[in-house]
Amino acid sequence: MSNKLIDLQNISKSYGSNIILDEMNLYIRENEFLTLLGPSGCGKTTTLRIIGGFETPDKGQVIFDKKDISKLPPNKRQLNTVFQKYALFTHMTIAENIAFGLKIKNKSKTYIDDKIKYALKLVNLDGFDHRMPDSLSGGQQQRIAIARAIVNEPKVLLLDEPLGALDLKLRQDMQYELIRLKNELGITFIYVTHDQEEALTMSDTIVVMNQGYIQQIGTPEDIYNEPENAFVADFIGDSNIISSTMVRDELVDILGAKFTCVDTGFGENKPVDVVIRPEDVELTAPEAGTIQGVVTHIIFKGVHYEMEVTANGFEWLVHSTKMYEVGTKVGIYIDPFNIQIMHKPVSEDEEAVSIDE
Amino acid sequence: MMKTTLQKIYIALIFVFLYAPIATLMVLSFNASKTRAKWGGFTLKWYSALFKNDAILQALYTTLLIAFLSAFIATIIGTVAAIAINSMKKKNRAFFMGVTNIPMVNAEIVTGISLMLLFISVGIRFGFLTVLLAHITFNIPYVILSVLPRLKQLNPSTYEAALDLGATHTTAFFKVVFPDILPGVLSGFLMAFTMSLDDFIITHFTKGPGLDTLSTKIYTEVKKGIKPEMYSLSTLIFVSVLILLVLVNRTPKGQKDVSSC
Amino acid sequence: MNRKWMSTPYLVWSIAFIIIPLCMVFYYGFTDKTGAFTLANIIAITMEEHMKALWLSMLLSFISTIICILLAYPLALILCNLSVNQNSFLVLIFILPMWMNFLLRTLAWQTLLEKTGVINSILTSLHLPPLTIINTPYAIILGMVYNFLPFMVLPIYNSLSKIDPNVVNAARDLGANSIQTFFKVIFPLSLPGVISGITMVFVPALTTFVISNLLGGSKILLIGNVIEQEFTQTNNWNLGSGLSIVLMIFIIISIIISTITDKDGEGSSL
């Protein structure tokens, strides 16, 4: 997991006046499971298509294994793609679908037959050789699409929202399946999704994108626990994002109350955004909290209760395993380690946008 | 770049091929010489002659009336049939689609002959009615085939939602289902109208001696020479439809949105 | 809810004006003038003049169909790639020309093709030998291609535009170059369109009597001309019906052939 296998340098792409990607820089290391995550229109699919060779960037280079492949057509690139909605060849049997790439490369018949057998076994669909794609379920078609790609032994597998068309249960099963496949194959996966849970479950690295810009790159833990801006915080899970003032190092003024935190280097009396995850808001007896509020809503969610607490004019989202009746006066306490301070967005581009998905 | 230029040239050539005869006819409508073979200078006299030529105007009237009536009746029968077919089980549906396809795949000459034999044995006098019946018959499939896809796209829940909200079946149909399939109904009507207008073969076998549409009139004139008024009439019809189409396409369209991700 | 009654008007209509008329053709075809059963009208196809007309019809419509495929396929392919406004293209190629009467449009080719016509003037000015194809079978082929080309373009265009662009991308992704992608993926997937185009061109071309009448002079008789004459001139409906039945047999055979070819390429979709 060391050297850069793919290096995107200053990639820009626009359709007419519509800027999809703006000066993007990103590298992908060997054997990494990297996920491009963001709402629709953020540029994640375009990035993937540029790597796959289905779009040419207006500006910038795609470096693959130290060679510039920006101008190379897709059939000359050492990577394969698993497409949205599978894109199987409906006029061919499953075996013919899987053999497609190998036949193009004039591999011997025994080699191809072995590969088909191996790939079908790998995706748990032995014996499907002579079926037609139309006769398979969505999940099965997805596995065939993966099998068809990996028999070509690509160095990198690109996956474009491969689980988008499957139902929840199947999607979860396939997530584990994909992790297993990646470990067995030992190749790089670049995965595109708008589903934050998928990204958190499978990735080594998550790249959060919005409106053509990379918002944050990091491990799932980094992204979840230390979002760099309000967009990331809002897109990854529920959170309380509160406009606040950094009084000095390790002290922040949230809604008129002083909270101790652990962040330094934001200056004195500077406006910041504060992110607090709902499970990090601790409800106490009124006098024990830093600020006081009233429970206004409560919903039972199975693992925990989801509550809304109005305190100092803000509606706090709280997850707790303890139940408080609506109307109960409570105190709010937050562990200094759980207060995440973020710079206010500098440019409009970085501003959090509402997410419809 | 090179490739797209070649492609555009190819499209242009095909359009020249398809439109050359039309351009020729338009030019002929301004030809002072009465024969097609040579150019005798520019004139508008055929246009004024057209409006004094009762035979041609009568044929035009008959053509338009039959086209309108047959398209209108075919649209009603076809739309109702399409709704019925759409809610049928596989077997009945296959039967109806099979019947619908007969006039589409069968040779026009056979359809014309078969209707002619029918009218003879029933003893209807050949004329307006027989042509109208024949045109309705070959128009219905066009309506069905253009309404059915719309019906298939329809979300059945919207109809049920209307019923659930207290609408009667009739209200639910006209307020919810009909607006959704309307584009299909309209394009079916237009298709039927155009087909009826352009038909010659079936009219030829079902019209009888007294009646003439533009097509049959032209056909009888072929041997003795087409009257130049016919060219000016065709030019007028063609140009007005062209203008109409341009106007319809001029209506502002939403900005083309490019979606990624 | 019961929508069954809604099919009744159409059912009655199609029995009265589609099915019964076809039965009448069969009745007339299998009887003589006295109403007695006979096969003579069917067997009449073997008479030399009828065989000649049928053979010529098949030959000309076969050639026209091939030319239509060769012209239409690239056109459909280009139009799919060029992202032009689909609707206005379809209107331009199909609907708009129909508002100029089809007989007149076909006749206009006479003017274009005549010895001193437009095309020959252009050819002479380019120092090319003039064409003398009017009143020959070549003119009939031209007329067929001209009239039926749109019916080949539309189904091919439809089937091409239905292909998921990602399927084409997938082929490229798996290493196929553009030629391999075309022959292994695009063409097989568009085959249903080609097949339905073939029936939509071959059947009307095989049975036409108008185009041969207008562009072939009066000497060239196609099977359509023979049948038309039996009905409008000789008034031998029995013979005309008998020959029509033979014609229908050919139509049915050609449709069956196309469905079988279709199954080979397409599996069982649609």
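Student: Is the crossing in which α4(B) passes α1(C) left-handed or right-handed?
Tutor: This is a predicted model, where local features need pLDDT of at least 70, side-chain atom pairs count only at pLDDT 80 or more, and totals for chains, interfaces and linings use all residues. Helices are DSSP runs (H or I, at least four residues), numbered from the N terminus. A crossing is left-handed if the near helix is turned anticlockwise from the far one by less than a right angle, and right-handed if clockwise. For α4(B) and α1(C), the crossing is left-handed.

Student: At what angle do helix α4 of chain B and helix α1 of chain C pack?
Tutor: Residues are numbered from 1 along each chain as its sequence is written, chains are lettered from A and ligands numbered from 1 in the order written, and side-chain values use heavy atoms, without hydrogens or water. Axes are lines fitted to C-alpha atoms, for helices over the stretch in contact (heavy atoms within 4.5 Å), with angles from 0 to 180 degrees between N-to-C directions. Here α4 covers residues 90–105 of chain B and α1 covers residues 8–29 of chain C. Their axes lie 11 Å apart, at an angle of about 50 degrees.

Student: What are α4(B) and α1(C) to each other, then?
Tutor: Angles under 35 degrees count as roughly parallel, over 145 as roughly antiparallel, 65 to 115 as roughly perpendicular, and the rest as oblique. The angle is about 50 degrees. The two helices are therefore oblique.

Student: How many aromatic pairs are there over all chains?
Tutor: Rings of Phe, Tyr and Trp (its six-membered ring) pair if their centres lie within 6.5 Å; planes under 30 degrees apart are stacked, over 60 edge-to-face, the rest tilted. Over all chains the count is 38.

Student: Why is the pair of Phe33(A) and Phe189(A) tilted?
Tutor: The ring centres are 5.4 Å apart. The pair counts as tilted because the planes stand at 45 degrees.

Student: How many residues apart are Phe33(A) and Phe189(A)?
Tutor: Strands are DSSP runs too (E, at least two residues). Phe33(A) is in strand β3 and Phe189(A) in strand β8, both of chain A. The pair links distant parts of the chain, 156 residues apart.

Student: Is Phe189(A) buried or exposed?
Tutor: Buried means under 20% relative accessible area, exposed over 50%, partly exposed in between (1.4 Å probe, protein chains only). Phe189(A) has 1%, so this residue is buried.
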